[in-house]
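Trainee: I'd like to learn how to read a model like this one, feature by feature. Could we go through it together?

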Amino acid sequence: MALIDKLTAIANAIRAKTGGTATMTLEEMPSEIESIQTGITPSGTIDITENGTYDVTEYASADVNVSGGGIESGVEVIELNSVGKLAKLKLYGDTIPNNGFQYCFYSSGVRPLLISNEPIKKIGGVAFSRAYVNFDDEFFDEVTEIGESGLTCFQDKDTELTIPNWDGRNGQATAEESIFRTNDYAWRVFNLPKVQYIGDYWWYQSNKNLTVQLGSIGYPVLQCKQRPFGGTTGTSTVTVYTRGDLLDTISTAIKNQAGANYTFIFKASENTTYGGASYNAGDTMLTISP
Amino acid sequence: MLITRKYTYGDGRVEYVEEDIDIEDDELSAEEALDIITGGYAE
């Protein structure tokens with residue numbers, strides 16, 4: 001190759017990198033070469049939706065949306081009190097397993113407040129039995145299953161308990177027993193508007209003055225096992241929503257062995273008839289009182 | 001123990017019914033029941 005051809009080849013290579021088109025002298029070539037920019041100019045956005053390793057050299061930005069991760073289940077300590085004892089715990093996962101908090105903090109002098117990272121759906125058997133815990137205001141909002149003796153605990157934060165979406169069962173055909181069978185919590189008012197299945201011994205031998213609502217308009221109590229208020233004392237009022245065709249069966253079961261100072265009010269869960277009389281939803285069909 | 005409960009029906013009728021509210025002698029107390037129940041769930 002002649003020298004002029006070699007110089008032309010060099011100039012062509014330079015122009016290929018600079019994008020230039022003009023001719024250049026041999027003296028101009030060094031400065032042209034020095035002006036050549038190396039590397040890549042990043043541009044655009046890469047979308048990342050899964051864990052992994054990505055070459056982002058060419059991209060100006062990354063849009064990361066990887067689902068999952070973090071803590072799936074367990075307990076996180078959120079707060080300690082002034083003497084270093086547990087004051088607040090965050091629960092991960094939507095299920096409190098059987099025995100989950102059984103006897104936790106028993107007689108320890110603390111009652112940690114339990115909050116949940118995601119709505120709790122299921123409370124297992126004896127999950128909070130003999131536990132010294134309190135529950136935050138939203139804890140029971142989406143609970144739909146509660147196992148045997150699940151709430152026989154020592155909470156003292158609230159006097160009123162509302163479980164708005166629970167039908168009384170534990171994912172089975174009938175309700176389990178002894179759900180609230182203890183005098184050790186501060187709950188005195190129980191709002192259970194969607195409970196339709198009542199189990200054995202739910203408030204058995206309670207010695208407190210209770211106010212209980214079971215069912216509501218559109219949610220008739222359909223089944224009641226034996227003695228939910230058996231052996232009770234105290235002065236209490238229990239309001240039960242049910243249908244006319246179920247009233248005799250439900251009333252017989254629910255008042256079985258209940259204390260002498262208990263009042264049971266049976267209201268129509270829908271337009272219904274009982275004893276030959278017609279009742280609108282919400283009407284009182286029967287009151288059993290001292 | 002026998003007690004008398006008053007039944008007031010929505011149509012105005014009133015009845016008085018005598019009932020026995022004694023629990024069986026062998027029924028467990030709440031404490032005893034919880035001990036058995038929690039033991040049954042022990043893992």
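Mentor: Gladly! Let's begin with the vocabulary: helices and strands are DSSP runs numbered from the N terminus, a strand needing at least two residues. With that in hand, I265(A) can be placed in strand 16 of chain A. Do keep in mind that this is a predicted model.

Trainee: Which residues is I265(A) in contact with, leaving aside its neighbours within four places in sequence?

Mentor: Contact means heavy atoms within 4.5 Å. On that basis, I265(A) is in contact with T237(A), V238(A), T239(A) and V240(A), and also with T284(A), L286(A) and T287(A). For a distance of another kind, take A175(A): it is 90 residues from I265(A) along the chain, and their C-alpha atoms are separated by 22 Å.

Trainee: Where does N280(A) lie, and is it buried or exposed, or something in between?

Mentor: N280(A) sits in the loop between strand 18 and strand 19 of chain A. Buried means under 20% relative accessible area and exposed means over 50%. N280(A) has 48%, so it is classed as partly exposed. Setting aside neighbours within four places in sequence, its contacts are A268(A), E270(A) and N271(A). The C-alpha atoms of N280(A) and S269(A) are 8.3 Å apart, with their positions eleven residues apart along the chain.

Trainee: Backbone angles next, please. Which phi does Y103(A) have?

Mentor: Y103(A) has a positive phi of about 60°, although it is not a glycine. This residue is found in the loop between strand 5 (95-96) and strand 6 (113-116) of chain A. With a relative accessible area of 31%, Y103(A) is partly exposed.

Trainee: And what is phi near in Q257(A)?

Mentor: Phi of Q257(A) is near 65°, again a positive value in a residue other than glycine. Q257(A) belongs to the loop between helix 3 (247-254) and strand 16 (262-268) of chain A. Its relative accessible area is 8%, so Q257(A) counts as buried.

Trainee: What does the side chain of S129(A) make a polar contact with?

Mentor: The partner is the side chain of T152(A), at 3.1 Å. S129(A) is placed in the loop between strand 7 (122-123) and strand 8 of chain A, and at 0% relative accessibility it counts as buried.

Trainee: How should I read a charged residue such as D136(A)? Which side chain of opposite charge is nearest to D136(A)?

Mentor: A salt bridge needs a side-chain nitrogen of Lys or Arg within 4 Å of a carboxyl oxygen of Asp or Glu. D136(A) is buried yet has no salt bridge, and the nearest side chain of opposite charge, K157(A), is 6.9 Å away. The side chain of D136(A) does reach the backbone nitrogen of F139(A), at 3.1 Å. D136(A) is located in the loop between strand 8 (134-135) and strand 9 (145-146) of chain A. Not counting residues up to four places away in sequence, D136(A) touches L113(A), L114(A), I115(A) and K157(A).

Trainee: Now the two chains together. How many residues of each chain are in contact?

Mentor: The size of an interface is often given as the accessible area lost when the parts come together. Here, 39 residues of chain A are in contact with 28 residues of chain B. The two chains bury about 2600 Å² between them, with 48% of it on carbon and sulfur atoms. Within chain A, R130(A), R181(A) and Q257(A) lose the most area to chain B, together 20% of what that side buries.

Trainee: How many salt bridges does the rule find across this interface?

Mentor: The rule finds one: the side chains of K255(A) and E19(B) meet at 2.9 Å, N to O. There are also eleven residue pairs in polar contact between chain A and chain B. Strand 18 (277-279) and strand 19 (284-289) are the elements giving two or more residues to the side of chain A that touches chain B. Strand 19 provides the largest share, six residues. That side divides into 14 nonpolar, 17 polar and eight charged residues.

Trainee: What pattern does chain B follow along its sequence?

Mentor: Chain B follows β-β-α, with one helix and two strands. Of its 43 residues, 28% count as buried. Among contacts in chain B with a separation of 6 or more, residues 24 or more positions apart account for 0%.

Technical notes. Residues are numbered from 1 along each chain as its sequence is written. Chains are lettered from A and ligands numbered from 1 in the order in which they are written. This is a predicted model: local features need pLDDT of at least 70, side-chain atom pairs count only at pLDDT 80 or more; totals for chains, interfaces and linings use all residues. Side-chain values use heavy atoms; hydrogens and water are left out. Helices (H or I, at least four residues) and strands (E, at least two) are DSSP runs, numbered from the N terminus. Buried means under 20% relative accessible area, exposed over 50%, partly exposed in between (1.4 Å probe, protein chains only). Lys and Arg count as positive and Asp and Glu as negative; His and the chain ends are not counted. A polar contact is a pair of N or O atoms within 3.5 Å; within protein, one must be able to donate a hydrogen and the other to accept it, and residues adjacent in sequence count only if both atoms are side-chain atoms. Buried area is the accessible area (1.4 Å probe) that two parts lose on being put together, summed over both. Ala, Val, Leu, Ile, Met, Phe, Trp, Tyr, Cys and Pro count as nonpolar, Asp, Glu, Lys and Arg as charged, and the others, Gly among them, as polar.
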